[in-house]
Amino acid sequence: MKSAIGSAEIREVRVSFETLLDAKQKGRWWVVGDLKNSRDSSEQDDTFQPLADESSKLRALAQRLRINTVVRRSVFYAVMTSEDVIDAFDKVCHLQLRGEQEREIVRVIVHCCLNEKTFNLFYTSLLVKLSASAPSHKFTLQYTLWDRFKALKKGTTSPTQLGHLARLTATVVAEGVLSLTILRTLDMHILEQPEVLMLQLFFRQIFRENETTFQSIISKVQAAQNSVATTEPIVYFLTTHFLAEKANSGDPG
């Protein structure tokens, strides 16, 4: 599987939930993590009917993940029963959600991505495709990530979720879906330890791709209005937390 900062056109394989359940008997021919429990919840909404082909096992998994509303479960079923990114994109689009219900598409995908035991490019590729299809998905992704950044300060994010959040954010920035301004809600001068770790992992992923990618990202920020307000805190973080950390570890890369 290619690195997280790869082409948005890749077709990541999405195995069905039934295949996941039969893994011990039929073998694990795919690369995917196992979803675990989460604490996210939202209010019930009975205005939307779930997909007809939902299974009791899939419903149980949704319940363990606290995906409790009808709309969120419908998105979850569509994503988890898809064969690949294209299939998942088509299925969630066919739900024909609008307004606040449509925002649940991105929220559920991010929720699933962060709760995998192993980071899965399927989710990031799907988010990139959705964001390219409609500005509303890009807007929702931005605010969803900001909500996740806030959770870092509260200490409610597990180490695995923190790592997945860093990699997810780095991917959508490298793909040009969002810019480095996504980090503006983080006060680089007053960071809690989870925020520092997430940003360190984020920039490691960005730098791991290549220098051209990073220069392109910086150029887009510098071309925007109030670019100094974005670049100055980033330079401060890189100097204080990132480069200093690499020097102390003896890492030349």
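**Figure 1. Helix H7 has the length its residue count calls for.** In this predicted model, helix H7 covers residues 121–133. Its 13 residues should span 18 Å at 1.5 Å a residue, and the end C-alpha atoms are 18 Å apart, so the two values agree. At the start of the helix, Asn120 places a side-chain oxygen within 3.0 Å of the backbone nitrogen of Phe122.

**Figure 2. H7 is largely enclosed by the rest of the structure.** How many of the 13 residues of H7 are buried? The count is 10, so the helix is largely enclosed. The buried set runs from Leu121 through Phe122, Tyr123, Thr124, Ser125, Leu126, Leu127 and Val128, and also includes Leu130 and Ser131. These residues pack against five helices: H4 (70–80), H5 (85–94), H6 (100–114), H8 (135–154) and H9 (159–174).

**Figure 3. Thr124, a buried residue of H7.** Thr124 sits in helix H7. Its relative accessibility is 0%, so Thr124 counts as buried. Setting aside neighbours within four places in sequence, Thr124 is in contact with Phe119, Leu168 and Thr171. Glu175 is 51 residues from Thr124 in sequence, yet their C-alpha atoms are 10.0 Å apart in space.

**Figure 4. H7 crosses H8.** Two packed helices are described by the angle between their axes and the distance between the axes. Here the axes of H7 and H8 come within 5 Å and cross at roughly 130 degrees. That makes H7 oblique to H8. From H7, the residues at the meeting are Leu127, Leu130, Ser131 and Ser133. From H8, they are His137, Lys138 and Leu141. An α-helix has 3.6 residues a turn, so residues three or four places apart point the same way.

**Figure 5. Lys154, an exposed residue of H8.** Lys154 lies in helix H8. At 65% relative accessibility, Lys154 counts as exposed because the cut-off is over 50%. Glu192 is 38 residues away from Lys154 in sequence. In space, the C-alpha atoms of Lys154 and Glu192 are 9.2 Å apart.

**Figure 6. Helix H6 is mostly covered.** H6 has 15 residues. From its first C-alpha to its last, H6 reaches 22 Å, close to the 21 Å expected at 1.5 Å a residue. Of those 15 residues, 11 are buried. Polar and charged members of the buried set are Gln101, Glu104 and His111. Also buried are Ile105, Val106, Val108, Ile109, Val110, Cys112, Cys113 and Leu114. Which helices do the buried residues of H6 pack against? They are H4, H5, H7, H8 and H9.

**Figure 7. Cysteines without a disulfide.** A disulfide is a covalent bond between the sulfur atoms of two cysteines. A search of the whole structure finds 0 of them. Cys113 is in no disulfide, and the nearest cysteine sulfur, that of Cys112, is 8.8 Å away. Is Cys113 buried or exposed? Cys113 is buried, with a relative accessible area of 0%. Cys93, by contrast, has a relative accessibility of 36% and so counts as partly exposed.

**Figure 8. Two loop residues with positive phi.** Most residues other than glycine have a negative phi. Arg66 is not a glycine, yet has a positive phi of about 60 degrees. Where is Arg66 placed? Arg66 is in the loop between helix H3 (56–64) and H4. At 42% relative accessibility, Arg66 counts as partly exposed. Gln96 also has a positive phi, near 55 degrees. Gln96 is placed in the loop between H5 and H6. Its relative accessibility is 59%, so Gln96 counts as exposed.

**Figure 9. The setting of these views: a chain of helices.** The chain holds 12 helices and 0 strands. Along the sequence, the pattern reads α-α-α-α-α-α-α-α-α-α-α-α. Of the 253 residues in the chain, 48% are buried. Among contacts with a separation of 6 or more, 74% link residues 24 or more positions apart.

Technical notes: Residues are numbered from 1 along each chain as its sequence is written. This is a predicted model: local features need pLDDT of at least 70, side-chain atom pairs count only at pLDDT 80 or more; totals for chains, interfaces and linings use all residues. Side-chain values use heavy atoms; hydrogens and water are left out. Helices (H or I, at least four residues) and strands (E, at least two) are DSSP runs, numbered from the N terminus. The expected span of a helix is 1.5 Å times one less than its number of residues. Buried means under 20% relative accessible area, exposed over 50%, partly exposed in between (1.4 Å probe, protein chains only). Contact means heavy atoms within 4.5 Å. A polar contact is a pair of N or O atoms within 3.5 Å; within protein, one must be able to donate a hydrogen and the other to accept it, and residues adjacent in sequence count only if both atoms are side-chain atoms. A disulfide is a pair of cysteine sulfur atoms within 2.5 Å. Axes are lines fitted to C-alpha atoms, for helices over the stretch in contact, and angles run from 0 to 180 degrees between N-to-C directions. Angles under 35 degrees count as roughly parallel, over 145 as roughly antiparallel, 65 to 115 as roughly perpendicular and the rest as oblique.
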